[in-house]
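This briefing concerns a single protein model and the ligand placed in it. Please view the sequence and the structure together while reading the points below.

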Amino acid sequence: MGDIYDNVMELARRRGFVWPSAEVYGAVAGFIDYGPLGAMMKRRVENLWREFYIIREGYYEIECPTVGTEAIYVASGHVKGFADKMIQCPHCGEYARADHIAEAHGTENAATLSKESLARVIQDLPCPACEEQIGFTEVFEFNLMFETTIGPGSQRKGYLRPETAQGIFTDFARLLRFYRNKLPFGAVQIGKSYRNEISPRQGVIRLREFSQAEAEIFVHPDEKEHPAFGAYADYRVPLLGIEQQEKGQDPVVATMREAVDAGLVANEYVAYYVALTHDFMARSGVDPAKMRFRQHLPDERAHYAEDCWDAEIHSGRFGWVETVGIADRTDYDLRAHAGHSGDSFTVFVPYDEVRYETRTRIVPDMGVLGPKYRGTAKAIADALAAADPGEDGVEVTVDGERIFIPADTYEVREEEVEVRGDEVMPHVIEPSYGIDRIFYSILEHTYDEEIVDGEVRRVLRLPPGIAPVQVAVFPLMTRDGLDAIARDIVQTLSGRGVLTQYDDNGAIGRRYRRQDEIGTPFAVTVDYETKDDRTVTVRDRDTMQQIRCGIDDLPVLLASLLDGSVEFSALVQ
Ligand code: GAP
């Protein structure tokens, strides 16, 4: 077997999974096309994700524009801070990420180093493009957002979204109403995101246009127990915590209950989505033995985040690749949008029982303030109501003007008030998935080669629910009515929503190999026996074992095999 990436990508290009975009004009790094089988398989992965998040968790999907106004990304912090550190090689003029050069030569977490430190680290290292020793050169920041303008001749700046999350945050108030003003609730979005990556050299792993599937779950800051935690409490996952990383140890395999109780994972919500992510990826076809969850180190984690874990998948070419980020982002995003937009991003949480509190209230003497301040008297009275009175008086700000109101123009009253609840700014738990990376990992992990009858058999051992083509139907010969029976079977299965491919081209062995290579889990062959007894052969891709089945029983049998409720091995005598 050669390099796994080369083998997988050769198959992916040749058989229509994925290829470089617009090759006729010379493909540009970071852009890919999903071909006929790839687009179908990607959709199946996304639909499985929907099954987990929408159907099971109950978080509805929304769809926002991929172009956003500048205000959104000023508030989110992307305009100021969404940058990578890069250099331009003084020898060949190519741009490269300074932290990637450092990491490729053994510096860990180079992205957390300052520009000056990075410049020192890489000066003795070779340029990844021309391999000359870089020497001393400036490291500078490059904002990864694609900028655009909105409308003709417009001064209005916009950005292609660098993540799908912001659409959910800016829709917070409407979503809150949709969910009847109650925490916790969540919304998800699957769609394209754009990052003008500096020099994407890792094929399908680092793209400039890629698909994300993100969930934003809004929870009460003091209630981080997931209501369905029990479903994953005993689920075991390999966890590489901060301590294991600092001591150079292997991941610990722990249940989610143990991880939360030991304080390894910050709370049940984060742990729940760690386990759910493991479950989802294993069901998609990612090899569980090549999966781990790595906690962000303190200098790597965003300052506002309470905890953050990356799901990493091992690739034969790229090593451990971050594929999903699961973070407790506290109230950072909502607070930022509240501050910039002036809108409310809180939830009214009622108490179980009404409480009574003593509050100080300033009651202005309008007989004095009215004639003195005329048009602004009402605004002053409102400002006084919220002010904290001093001994001699209180200063209020009205329309930007600071006005001192003497104590003899108002009365301070202590009042008992009824309080029914609190305005709470929720915290955000965010599992964020890179679909393209999951897609590639599935291809790499399910790709297999074996020698059968003296020839190499290439097979994608895709889970039946993920395989693009679900069933292949072959007539042994294209005569004596066998082809008509096969076409009838295709029609019946298609009518039941099974993606079925008819193939009568070449020797039967070749036809099996073609389907094995694209991961079709089951093949049905119509032969001369079919004409006598209306039975066909059903062949299992992985074991190549065969059984006979009546044509009329086929739809039910294949449906159970495809949804995994029946194992093929159980049918073989
Ligand atoms: N809202 C949080 C967020 O966007 P992120 O870690 O920047 O977090 C989440 O991105 C996931 O998106 C990553 O784990 C990765 O799988 C995927 N991703 C990010 N940049 C990518 C790129 N340039 N190409 C392909 N996938 C990418």
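The points that follow cover the ligand site, a buried strand with its partners, and the end regions of one helix.

The model is a predicted one. Its ligand is surrounded by 16 residues, and the protein covers 88% of the 550 Å² of accessible area that the ligand has on its own. Elsewhere in the chain, strand β24 (residues 471–475) has 5 of its 5 residues buried and pairs in the parallel sense with both β25 and β26.

**Ligand site**

- Among the 16 residues around the ligand, those that come nearest are E163, L207, E214, E322 and T323.
- The side chain of E163 places an N or O atom 2.6 Å from a nitrogen atom of the ligand.
- The side chain of E322 has an N or O atom 2.5 Å from an oxygen atom of the ligand.
- I205 contributes through its backbone, where an N or O atom lies 3.4 Å from a nitrogen atom of the ligand.
- With these contacts in place, 88% of the ligand's 550 Å² of accessible area is covered by the protein.
- Two or more residues of the shell come from each of the strands β11 (209–219), β16 (319–328) and β21 (427–434).
- By residue class, the shell consists of 8 charged, 4 polar and 4 nonpolar residues.

**Strand β24 and its partners**

- The side chains of V471, V473 and P475 point one way from β24, while those of A472 and F474 point the other way; residues of both sets are buried.
- β24 is joined to the parallel strand β25 (residues 500–502) by 3 bridges, and V473 has Y502 as its bridge partner in β25.
- Between these two strands the chain passes through helix α16 (residues 482–495), forming a right-handed β-α-β crossover.
- β24 also pairs with strand β26 (residues 522–526), in the parallel sense and over 5 bridges.
- Within β26, F522 is the bridge partner of V471.

**Ends of helix α13**

- At the N-terminal end of helix α13 (residues 366–373), D365 acts as a cap, with a side-chain oxygen 3.1 Å from the backbone nitrogen of G367.
- Just after α13, R374 adopts a positive phi of about 45°.

How values were computed. Residues numbered from 1 in each chain as written. Predicted model: local features only at pLDDT ≥ 70, side-chain atom pairs only at ≥ 80, totals over all residues. Heavy atoms only, no water. Buried < 20%, exposed > 50% of the residue type's maximum accessible area, 1.4 Å probe, protein only. Helix = DSSP H or I, 4+ residues; strand = E, 2+ residues; numbered from the N terminus. Pairing = 2+ DSSP bridges. Right-handed = clockwise from strand over helix to strand, strands pointing away. Polar contact = N/O pair within 3.5 Å; in protein donor to acceptor, adjacent residues only side chain to side chain. Near = heavy atom within 4 Å. Areas by Shrake-Rupley, 256 points an atom, 1.4 Å probe, with all protein chains shown as cover. Nonpolar A, V, L, I, M, F, W, Y, C, P; charged D, E, K, R; others polar.
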